[in-house]
Every structure is written in C-alpha cells, then in structure tokens.
Amino acid sequence: MAGRFAPRPTRTTVRGGHVAVPGGVPRPAPAPALVRTWVPEGPLDLGLVLGPLRRGPGDPTFRALPDGSVWRASLTPAGPGTLRVTERAGEIRGEAWGPGADWLLDRLPELLGAADDPSAFVPRHRLLALTRHRRPGLRLTRTGLVLESLIPSILEQKVTTGEAYRAWRLLVRKYGEPAPGPAPERMSVMPTPRTWALIPSWEWHRAGVDDKRASTVLRAVRVAARLEEAVGMPAAEAQARLELVPGIGPWTSAETVQRSHGAVDAVTVGDLHLPGIVGWALAGDRYADDAVMLSLLEPYAGQRHRAARLILLSGRVPGRRAPRMPYGDIGRL
C-alpha cells in the first residue's frame, strides 16, 4: 500500500520546521452542487425506499439526518459521487457533488422507484393488504450498481449482521476515499475494485472477515467490469452471472439484484430467519423452510420480493425461542 496516500504535513515536513498543521491537509471547499428536482407519481417514503441500501447504523456510505435528508456516497462508472435527497410537498430534490454527480442525478428517479409498479401487486392475504395500505410510500429501489451491493452481501454470509456491518464500516473507512462535497462527517466512497484487491490479508482478519469471504470478494473484484455489465440484464440472468463466481450463491445474488436491479421477484433463499418469518405470517408455521416459504409465496409469483418486504414491514414475526447467534470477532484471535 506504500505510496497510496500523500504524507500529511507536520512540523518536520513543512519547510523550516516551524509551522504545525494540526488537522492535516485542509479539505478544499466543495464545488457547487448539481441539482435536479423530480415529482413522483403517488406517495413516496424516502426511508422505506432507500433503507435497504443502509448497511448498519455506522455505514460510511449512507446517512439519514434528522432534517429528513438522505445522503449516499457511491462509486459510479463516472467516478465517486455524493447524493443528497430531500422531499418537500411531494417534490424530490436531489443535489450531487463529485465526478459522479451527473450519473447519480440521471438515475435519481430509478433510485427512488420510478421503474417499480406497486399497482401490479395483488394482496391475497389480509396481513399484506393492511401493510400495503399503511405503507403506501414503499417502492423498490434500483441503484444500477452491482458491486456496491454485492460486496457487503458477501460480507454478510453466514455471520451476524453486527459482524458484517462492522467489517463493511472498517474496510470502507480505511480504504475508501472521503465523499465529495459537503457530506456529513466520516462519510466515504466505497474502494475501487483495484483497492479491494490490494487489501492485505491481515486487514481482512482485523475486520473480522474470514478467508472464505475475503477470497470471494477478491474473486468478484477481479471480474468487476463483467459483473457491472449485469445491470443491463434481466434480474434472473444477472443472478446467473453473479453465481458463476465461486462463493456467490442464490442468497448473495438475490440480495444484490434486489438493490441493483429493483428485482421485484428475487426471493432470498438460504436465509436463517426469512422462511420462519414468512411461514409464521402467512400460515402460523415458525419452522418453515425454504421450500415451504416458496410454496406460500407462490400466489405472488412475479412479486415475491415485494410480498416478503411487506411481511417484514408488518412486524408480525415469531417470538424468539433460542439464544442469539454468538458474536465472533476473529480479529481478536
């Protein structure tokens, strides 16, 4: 990693050795934001739409502020960019900074569910009908970016969400770059594929990522361009391409295309909790497996992911009967 970062000026590096720069290199003033406004058709809830993109409360690439604004830092095909989204009186205002600003604003409507058609969903259970009525602003996001959803999904394989969120937070903050513009403090853009490939093995270990998941990320970033091409494919074909990478299975590919493609029918199979939640909500079966879950969701073919989202939003989940999965930090071994 030598040479990646410019040395910060200190007493010994500033000419004469008499001037201290306590805060390092001053951050340059941000350029004026590019702005786009958009009026969605029907109600829109920013939290519901963009919430799935947040990887834990400390996600360096996502921030929701008390004023109702949502900030995202993304690595776009045009370069890093920061997007701020606000809603007022039914109008969406997007502000963007950085080389990827134009790219982010061009795709703002799709990010907020413009390509989604909630009217195509026909509820066949009272629970889903009530939840849809209570959550009219639900839309399925489409980011148009594969890797930014794929890598955190790989980190979430077979570990607790807390472990996965911690790994994502540590790696992005250490190897990403500061978000362009006047982004909230400590926001970062995800590292480039090359930077992911250069992360030393011991840093994966310190972040709590085992060799299997780290190796899967490395295999994915080596073919990053081919994986990003999957954005132009139907969701099922995109999943098939992702699963060509060893270590990426149906669970990871579904979690990815749900965000990158807005895949309305991509069901997360192989999940530890989802089958039991769906089984309990629709049939009172807390021990349902994937086969039972898919059978219960069959009436919603073509809209199964939306049905699962509504079930999760309903709050109807079985009570816990076993201890939580123990938290493991391999970085302390």
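## Exercises on a five-stranded sheet and its surroundings

β4 and β5 form a hairpin with two residues between them, and Ala-89 in that turn has a positive phi of about 55°. The model is predicted. Work through the exercises with the structure open.

**Exercise 1.** Find how many bridges join β4 to β5, and name the bridge partner of Thr-86.

*Solution.*
- Step 1: Locate strand β4 at residues 79-88.
- Step 2: Count its bridges to β5. There are seven, and the two strands run antiparallel.
- Step 3: Follow Thr-86 across to β5. Its bridge partner is Arg-93.

**Exercise 2.** Describe how β1 pairs with β5.

*Solution.*
- Step 1: Take β5 at residues 91-97.
- Step 2: Its pairing with β1 is antiparallel and spans five bridges.
- Step 3: Check individual pairs. Trp-38 has Ile-92 in β5 as its bridge partner. Thr-37 stands opposite Arg-93 in β5.
- Step 4: Look back at Arg-93, which is also the bridge partner of Thr-86.

**Exercise 3.** Put the strands of the open sheet in order, and explain why one side of β1 and of β2 has no neighbour.

*Solution.*
- Step 1: The sheet has five strands, in the order β1-β5-β4-β3-β2.
- Step 2: The pairing is antiparallel.
- Step 3: β1 (34-38) and β2 (62-64) stand at the edges. Each has a single partner strand, so one side of each lacks a neighbour in the sheet.
- Step 4: Add the turn between strands. Neighbours in this sheet are turned by 20° against each other on average, ignoring direction.

**Exercise 4.** Decide whether β5 is mostly covered or mostly open.

*Solution.*
- Step 1: Apply the cut-off: buried means under 20% relative accessible area.
- Step 2: Five of the seven residues of β5 are buried, and the strand is mostly covered.
- Step 3: Set this beside the whole protein, where 47% of the 333 residues count as buried.

**Exercise 5.** Place Glu-229 and classify its exposure.

*Solution.*
- Step 1: Glu-229 lies in the loop between α10 (224-228) and α11 (235-242).
- Step 2: Its relative accessible area is 42%. Partly exposed covers values between the 20% and 50% limits, so Glu-229 is partly exposed.
- Step 3: Compare sequence with space. Glu-229 and Val-146 are 83 residues apart in sequence, yet their C-alpha atoms are 8.5 Å apart.

**Exercise 6.** Summarise the whole protein: what are its helix and strand counts, and its accessible surface?

*Solution.*
- Step 1: Count 15 helices and seven strands.
- Step 2: The accessible surface comes to about 17,000 Å², with 54% of it belonging to carbon and sulfur atoms.

How values were computed
Residues are numbered from 1 along each chain as its sequence is written. This is a predicted model: local features need pLDDT of at least 70, side-chain atom pairs count only at pLDDT 80 or more; totals for chains, interfaces and linings use all residues. Side-chain values use heavy atoms; hydrogens and water are left out. Helices (H or I, at least four residues) and strands (E, at least two) are DSSP runs, numbered from the N terminus. Buried means under 20% relative accessible area, exposed over 50%, partly exposed in between (1.4 Å probe, protein chains only). Two strands pair if DSSP finds at least two bridges between them. Axes are lines fitted to C-alpha atoms, for helices over the stretch in contact, and angles run from 0 to 180 degrees between N-to-C directions. Accessible areas come from the Shrake-Rupley method with a 1.4 Å probe; for residues, only the protein chains shown count as cover.
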